[in-house]
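The following paragraphs guide the reader through a protein structure, with attention to its cysteines and to the packing of its helices. Please keep the sequence and the model in view while reading.

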Amino acid sequence: MSREKTVDEVREQFLEYVVALINYWDKSVEGTARYKLEGLAHSLLSTLDGCSSGLPRFIVAPYPHPDDKQFCIEIGDDYYAENNSKIKCDIAGGLHEQLCRYLKAKESKP
C-alpha cells in the first residue's frame with residue numbers, strides 16, 4: 001500500500017542524489033575546477049527545479065529568524081518574507097537556467 005514518504009526518507013534520497021552528483025562531477029567529468037564547480041551548482045539547482053529523475057521539484061524559500069524582520073526595519077534594511085503556514089517567496093523553478101544567465105552576465109562585466 002502506498003504512503004507518503006517521511007521527511008527522513010526524502011532527506012536521505014535527496015542527500016544520496018547530491019553525493020552521486022559530487023562523485024559524477026569529481027570523477028567522470030574532465031575540466032577545470034571552475035568548470036566542475038559550475039557544473040555541480042547547475043546540477044544541484046536542476047535537482048531543486050525538478051529536472052532530475054526520481055526527485056520532485058523542491059520548495060526553496062527563505063526561513064528567517066523571527067527577530068530578523070524587526071531588526072531589519074530598525075536599521076532600514078529590506079527583510080525576507082516570513083514563511084510559516086503559507087509559503088511565500090519560493091524561488092525554485094528555473095534556478096539552473098537563471099544560474100547560466102547570471103554567470104554569463106557576471107563574465108561580461110569588466
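The model shown here is predicted, and the account begins with a cysteine. C72 has a relative accessibility of 16%; because residues under 20% are classed as buried, C72 counts as buried. C51 presents the opposite case, for its relative accessible area of 51% makes this residue exposed.

Cysteines invite a further consideration. A disulfide is a covalent bond that joins the sulfur atoms of two cysteines. How many disulfides does a search of the whole structure find? The search finds zero. C51, for instance, takes part in no disulfide, and the nearest cysteine sulfur, which belongs to C100, is 11 Å away.

The discussion now turns to the helices. Two packed helices are described by the angle between their axes and by the distance between those axes. Helix α1 comprises residues 7-28 and helix α2 comprises residues 33-48; their axes come within 10 Å and cross at roughly 155°. Angles over 145 degrees count as roughly antiparallel, and α1 and α2 are therefore roughly antiparallel to each other. The crossing in which α1 passes α2 is right-handed.

Which residues of the two helices meet? On the side of α1 they are F14, Y17, V18, L21, I22, W25 and D26, and on the side of α2 they are Y35, K36, G39, L40, S43, L44, T47 and L48. By character, the residues of this contact divide into 10 nonpolar, three polar and two charged.

One of the α2 residues in this contact, T47, merits a closer look. Is T47 buried or exposed? Its relative accessibility is 2%, so T47 counts as buried. When neighbours within four places in sequence are left aside, T47 is in contact with F14, Y17, L21, S52, L55, P56 and F58. D26 of α1 also belongs to the contact between the two helices, yet the C-alpha atoms of T47 and D26 are separated by 18 Å, the two residues being 21 residues apart along the chain.

Helix α2 also packs with helix α4, which spans residues 95-108. Here the angle is about 145° and the axes are 7 Å apart. From α2, the contact is made by R34, E38, A41, H42, L45 and S46, and from α4 by L95, H96, L99, C100 and L103. The residues of this second contact divide into six nonpolar, three polar and two charged. C100, whose sulfur is the nearest cysteine sulfur to that of C51, is thus found again among the α4 residues that meet α2.

Definitions and conventions
Residues are numbered from 1 along each chain as its sequence is written. This is a predicted model: local features need pLDDT of at least 70, side-chain atom pairs count only at pLDDT 80 or more; totals for chains, interfaces and linings use all residues. Side-chain values use heavy atoms; hydrogens and water are left out. Axes are lines fitted to C-alpha atoms, for helices over the stretch in contact, and angles run from 0 to 180 degrees between N-to-C directions. Helices (H or I, at least four residues) and strands (E, at least two) are DSSP runs, numbered from the N terminus. Angles under 35 degrees count as roughly parallel, over 145 as roughly antiparallel, 65 to 115 as roughly perpendicular and the rest as oblique. A crossing is left-handed if the near helix is turned anticlockwise from the far one by less than a right angle, and right-handed if clockwise. Contact means heavy atoms within 4.5 Å. Ala, Val, Leu, Ile, Met, Phe, Trp, Tyr, Cys and Pro count as nonpolar, Asp, Glu, Lys and Arg as charged, and the others, Gly among them, as polar. Buried means under 20% relative accessible area, exposed over 50%, partly exposed in between (1.4 Å probe, protein chains only). A disulfide is a pair of cysteine sulfur atoms within 2.5 Å.
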